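Colleague: I should like to go through a protein model step by step. May we begin by looking at it together?

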Amino acid sequence: MNKISWLAVPTNEDAHEGVRKLWNKAEANLGFVPNVFQAQALNGEQFLAWWNYFNLLVNKPGHLGNLEREMMAVVVSGLNRCVYCAVSHGAALREYGMEAQKADTLAVNWRHADLSVREAALCAFAEQLTLDPAGMTEADLTPLRDAGLDDAQILEAVQVIGMFNMTNRVSSALGFIPNAEYHSRGRQG
């Protein structure tokens with residue numbers, strides 16, 4: 001197997017039982033096990049706790065749409081230069097229906113993507129919170145409110161942005177490599 005992390009990666013036999021179940025479910029649903037699932041599985045309980053919160057924020061119905069959450073994930077990951085997350089969540093953007101050119105542009109510089117007012121407000125907020133968390137003020141919520149977001153949606157945006165800043169740091173610090181499948185998912189041809 002190719003190296004997917006700078007740390008040891010447990011085998012199926014060595015992995016926590018809950019982690020093995022998640023791997024099997026991913027294989028059945030995606031056709032592969034995301035490398036992030038394998039690379040973080042060295043500490044099974046911590047991985048499962050992260051996954052449960054990540055899954056709740058990113059994959060379950062919430063106050064924001066899946067496309068909006070993935071869009072913020074890609075913006076944050078691009079700013080943090082996290083290869084794993086930018087590639088894997090860029091694939092998710094395409095699978096949720098965003099054109100490949102727009103998704104690729106968003107990952108490099110969201111200002112060059114053709115975005116709605118709401119999308120641009122979420123991207124600008126994701127950038128600001130990622131680059132200057134100590135500088136945030138109450139006034140920074142105004143563009144989100146002006147774009148039609150309510151308080152529950154703003155809170156969820158903050159939680160998603162925070163989750164990806166943390167996950168980017170884990171992925172980058174340990175050299176996680178994106179699965180090859182992500183590069184072609186959601187692209188025509």
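The following questions and answers concern the overall fold of this predicted model and then its pockets.

Colleague: How many helices and how many strands are there in the chain?

Modeller: Read along the sequence, the chain follows the pattern α-α-α-α-α-α-α-α-α-α. The count of each element in the chain is therefore 10 helices and zero strands.

Colleague: Why can the chain be called as compact as a globular protein of its length?

Modeller: The C-alpha trace spans about 50 × 40 × 30 Å along its principal axes. For 189 residues the globule rule gives 16 Å. The chain is as compact as a globular protein of that length because its radius of gyration is close to that value, at 17 Å.

Colleague: What percentage of the residues in the chain is buried?

Modeller: A residue counts as buried when its relative accessible area is under 20%. Among the 189 residues of the chain, the buried share is 46%.

Colleague: Of the contacts with a separation of 6 or more, what share joins residues 24 or more positions apart?

Modeller: A contact requires heavy atoms within 4.5 Å. Among contacts in the chain with a separation of 6 or more, the share from residues 24 or more positions apart is 66%.

Colleague: Which helix supplies the largest share of the lining of the largest pocket?

Modeller: This pocket holds about 640 Å³ of space and is lined by 27 residues. Helices α1 (17-30), α2 (35-39), α3 (44-58) and α5 (83-95) each supply at least two residues of that lining. The largest share is seven residues, and they come from α5.

Colleague: Which residues of that lining lie nearest the centre of the largest pocket, and how many of the lining residues are nonpolar, polar and charged?

Modeller: Nearest the centre lie Leu30, Phe37, Trp51, Asn59 and Tyr182. Sorted by class, the lining of the largest pocket has five charged, six polar and 16 nonpolar residues.

Colleague: How many charged residues are there in the lining of the second largest pocket?

Modeller: The second largest pocket contains about 150 Å³ of space. Its lining consists of Leu7, Ala39, Gln40, Leu42, Asn43, Gln46, Phe47, Trp50, Leu174 and Phe176. These residues divide into seven nonpolar and three polar, and the number that are charged is zero: there are no charged residues.

Colleague: Which helix gives the largest share of the lining of the second largest pocket?

Modeller: The largest share of this lining amounts to three residues. The helix that supplies them is α3.

Technical notes: Residues are numbered from 1 along each chain as its sequence is written. This is a predicted model: local features need pLDDT of at least 70, side-chain atom pairs count only at pLDDT 80 or more; totals for chains, interfaces and linings use all residues. Side-chain values use heavy atoms; hydrogens and water are left out. On a 1 Å grid over the protein atoms alone, a cavity is a set of points where a 1.4 Å probe fits but cannot get out, and a pocket is an open set with protein on both sides within 12 Å along at least five of seven lines; lining residues have an atom within 4 Å of a point. Grid points are joined across faces, edges and corners, and a volume is the space filled by probe spheres set on the points. Helices (H or I, at least four residues) and strands (E, at least two) are DSSP runs, numbered from the N terminus. Ala, Val, Leu, Ile, Met, Phe, Trp, Tyr, Cys and Pro count as nonpolar, Asp, Glu, Lys and Arg as charged, and the others, Gly among them, as polar. The radius of gyration is taken over C-alpha atoms; the globule rule is 2.2 Å times the number of residues to the power 0.38. Buried means under 20% relative accessible area, exposed over 50%, partly exposed in between (1.4 Å probe, protein chains only).
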